[in-house]
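Got your viewer open? Let's take a walk through this protein, one selection at a time.

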Amino acid sequence: MSVPESNLLPHTTPAASPLPSSYYTAVIDIGSNSVRLVIYRIEGRSIWPVYNEKVLAGLGKDLFNTGRLNPTGCRDTLIALKRFRAIVDSYTLSEIHVVATAAAREAADGPALTDMIREQTGFTVRVLSGAEEAYFSALGVLCGHDDATGVVGDLGGSSLELIDLQGEDAFKGITLPLGPFALGAPAPLNIERTLQQIREVLEPHKDRFHFKTFHAVGGAWRNLAIIWMQKANYPLQIVQQFELPAREALNICRLIATQSTSSLEKIRGVTKRRMENLSYAALVLQALIETFGFETINFSANGLREGLLYDHLPKDIQTRDPLIEGCAALGCRQGISQDIGPALSKWIHDFYNSLDASYDRPDPRLVRAASKLSDMGAVLHPDHRADLVCDQVLRAPIPGQNHQERVFLACTMFTRYSGDAYTKEPVLISRILGDEGLQRATQLGLALRLGCDLSAKSAVLLENAHLFQNERNLILEAKSGWEDLLLGEQTKKRAKALAGAMKLNLKMGSY
């Protein structure tokens with residue numbers, strides 16, 4: 001039996017669950033190069049991909065020569081969508097979004113394909129305009145990077161969508177014929193001629209898109225980021241909010257554009273079909289940087305699909321911090337305590353507010369995020385909690401954080417469960433976090449460790465203790481009548497560790 005595509009009530013978790021209201025939804029994206037199905041679990045503000053499948057059908061491969069869709073691409077698209085129909089019918093989904101972009105929009109036989117899709121699979125395809133495609137891509141970037149500024153560019157097989165995130169033309173996107181297929185892929189690349197072609201298309205928009213930051217969306221550009229990471233031995237292979245100075249991006253673009261397909265195929269993690277378009281994608285990014293003067297390239301793992309889902313969230317949920325919401329969802333799902341996070345956050349904020357000016361405090365937002373994660377190792381093997389939690393926090397698809405913040409939180413959680421500073425991957429510290437960042441993460445981890453053990457992860461008990469600095473002393477006090485909280489040998493050990501990390505003397509008492 002087919003799943004209706006609208007007007008379904010979302011599946012919610014039982015009232016006793018610590019998780020926010022959750023449901024599953026799906027997006028099918030019929031692009032010029034690929035056809036993709038992603039099934040997501042939505043938990044409040046958090047959008048988690050749980051299943052992802054794509055077929056590189058090449059629907060728009062012949063579009064700019066014939067004005068029509070590639071016949072083999074049409075066949076492969078229909079085959080993929082029949083399989084996707086079977087997959088989504090096996091899930092309880094709140095909604096199924098089926099969208100098509102440039103190839104179906106521009107081809108003379110695009111309407112015939114969407115009719116065929118409806119007849120053979122039951123999917124009703126929404127063909128997006130170029131402006132709509134740009135808008136949803138921008139929302140996708142903001143979904144994962146809520147304070148993003150600058151320009152979003154989404155490179156598909158046939159087109160490039162550009163949209164600025166602020167200014168008088170904010171969120172009024174344009175579409176340009178600069179996808180690899182529009183430029184001649186998969187034919188051999190003529191670098192100078194193609195660069196000139198791209199520049200001529202971009203030049204009329206030079207004044208509008210002159211911003212410092214460019215947010216790169218699309219599989220081809222994500223692969224450029226992966227290639228740079230591999231060549232530079234970068235220690236964190238995560239694309240989301242990976243930043244490159246424009247000069248570094250130009251170097252990798254020029255390198256890729258001059259490589260043969262056989263040379264590119266030797267690069268791990270990039271498929272042969274993707275390699276056919278990669279040199280063209282590199283030239284487009286090069287021309288964008290040179291024409292608009294971007295200073296920083298920020299790569300996004302989010303795009304059109306996440307933007308569609310973000311657009312359907314209630315407005316009050318859209319405005320929530322994606323990092324805090326993501327940490328809360330992950331921490332609740334894998335922990336036991338439902339209330340220790342907010343209590344710990346307040347307790348540690350009060351402690352940091354008592355410190356004198358000689359101490360470098362972490363970002364309050366990161367304190368909140370770490371507090372939300374403080375119990376996530378509860379059901380893991382005690383001998384391996386520190387490593388397992390650290391690795392998960394380092395690589396979990398939690399949005400709203402750059403790479404430095406990601407490493408900071410991972411190091412914090414390692415210390416929270418081990419009591420030691422993180423030293424297992426020194427390159428993470430030397431290239432991303434820095435020694436001062438590690439020191440702040442270690443101190444925060446020790447404070448979390450103390451707070452969790454002192455209170456037995458009970459928010460009620462934590463309210464009866466106070467941690468602060470007084471001159472060269474770290475003072476841990478319990479309210480009158482609650483002095484027994486301080487009797488634990490483990491509590492004293494945790495407090496001494498924090499005092500030592502901050503070069504303070506420990507004093508304990510009551511107030």
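## The whole view

Start zoomed out: for 511 residues, a compact globule would have a radius of gyration near 24 Å, and this protein has 26 Å, which agrees. Keep in mind that the model is predicted. Switch to a C-alpha trace and turn it around; along its principal axes it spans about 85 × 55 × 45 Å. Now try a cartoon view, where you can look for 22 helices and 14 strands.

Next, show the surface. The protein exposes about 21500 Å², and carbon and sulfur atoms supply 50% of that. Of its 511 residues, 57% count as buried. You can also colour the charges: the mean positions of the 54 positive and 57 negative ones are 4 Å apart. And if you draw contacts between residues at least 6 apart in sequence, 72% of them join residues at least 24 apart.

## Into the core

Hide the surface and select Leu162, Phe214, Trp221, Leu288 and Trp347. These have the most contacts inside the largest nonpolar core, which has 113 residues. Add residues 272-292: this is helix H11, and with 12 residues it gives the most to this core.

Now centre on Leu288. What does Leu288 touch, not counting residues up to four places away in sequence? You should find Leu160, Leu162, Leu202, Phe214, Trp221, Gly293 and Phe294.

Apart from this core lies another one, of 28 residues; select Leu37, Ile87, Ala100 and Ala107, which are among them.

## Three helices to visit

Go to residues 304-312, helix H12. Why is H12 largely enclosed by the rest of the structure? It is because 7 of its 9 residues are buried. To see them, pick Leu304, Arg305, Glu306, Gly307, Leu308, Leu309 and Tyr310.

Move on to helix H18, residues 403-418, and click on Glu405. Is Glu405 buried or exposed? Its relative accessibility is 17%, and buried means under 20%, so Glu405 counts as buried. Leave aside its neighbours within four places in sequence, and Glu405 is in contact with Arg365, Leu366 and Gly400.

Then select residues 489-501, helix H22, where Thr491 is found. Thr491 counts as buried too, at 5% relative accessibility. Show the residues around Thr491: not counting those up to four places away in sequence, it touches Leu450, Asp453, Leu454, Leu476 and Leu485.

## Backbone oddities

Before the last stops, a bit of background: most residues other than glycine have a negative phi, and most peptide bonds are trans.

With that in mind, select Ala185 and Pro186. A cis peptide bond joins Ala185 and Pro186, with omega at about 5 degrees. Pro186 lies in the loop between helix H6 (180-183) and helix H7 (191-202).

Next up is Phe171, in the loop between strand E7 (160-164) and strand E8 (174-176). Phi of Phe171 is near 65 degrees, a positive value in a residue other than glycine. Bring the surface back here and you'll see that Phe171 is partly exposed, with a relative accessible area of 30%.

Finish at Asn233, in the loop between helix H8 (219-231) and strand E10 (242-245). What is phi of Asn233? It is near 50 degrees, so here is a positive value in a residue other than glycine. With a relative accessible area of 59%, Asn233 is exposed.

Methods
Residues are numbered from 1 along each chain as its sequence is written. This is a predicted model: local features need pLDDT of at least 70, side-chain atom pairs count only at pLDDT 80 or more; totals for chains, interfaces and linings use all residues. Side-chain values use heavy atoms; hydrogens and water are left out. Helices (H or I, at least four residues) and strands (E, at least two) are DSSP runs, numbered from the N terminus. The radius of gyration is taken over C-alpha atoms; the globule rule is 2.2 Å times the number of residues to the power 0.38. Buried means under 20% relative accessible area, exposed over 50%, partly exposed in between (1.4 Å probe, protein chains only). Contact means heavy atoms within 4.5 Å. Accessible areas come from the Shrake-Rupley method with a 1.4 Å probe; for residues, only the protein chains shown count as cover. Lys and Arg count as positive and Asp and Glu as negative; His and the chain ends are not counted. The place of a charge is taken as NZ of Lys, CZ of Arg, CG of Asp or CD of Glu. A nonpolar core is a set of buried Ala, Val, Leu, Ile, Met, Phe, Trp, Tyr and Cys residues joined through side-chain atoms within 4.5 Å.
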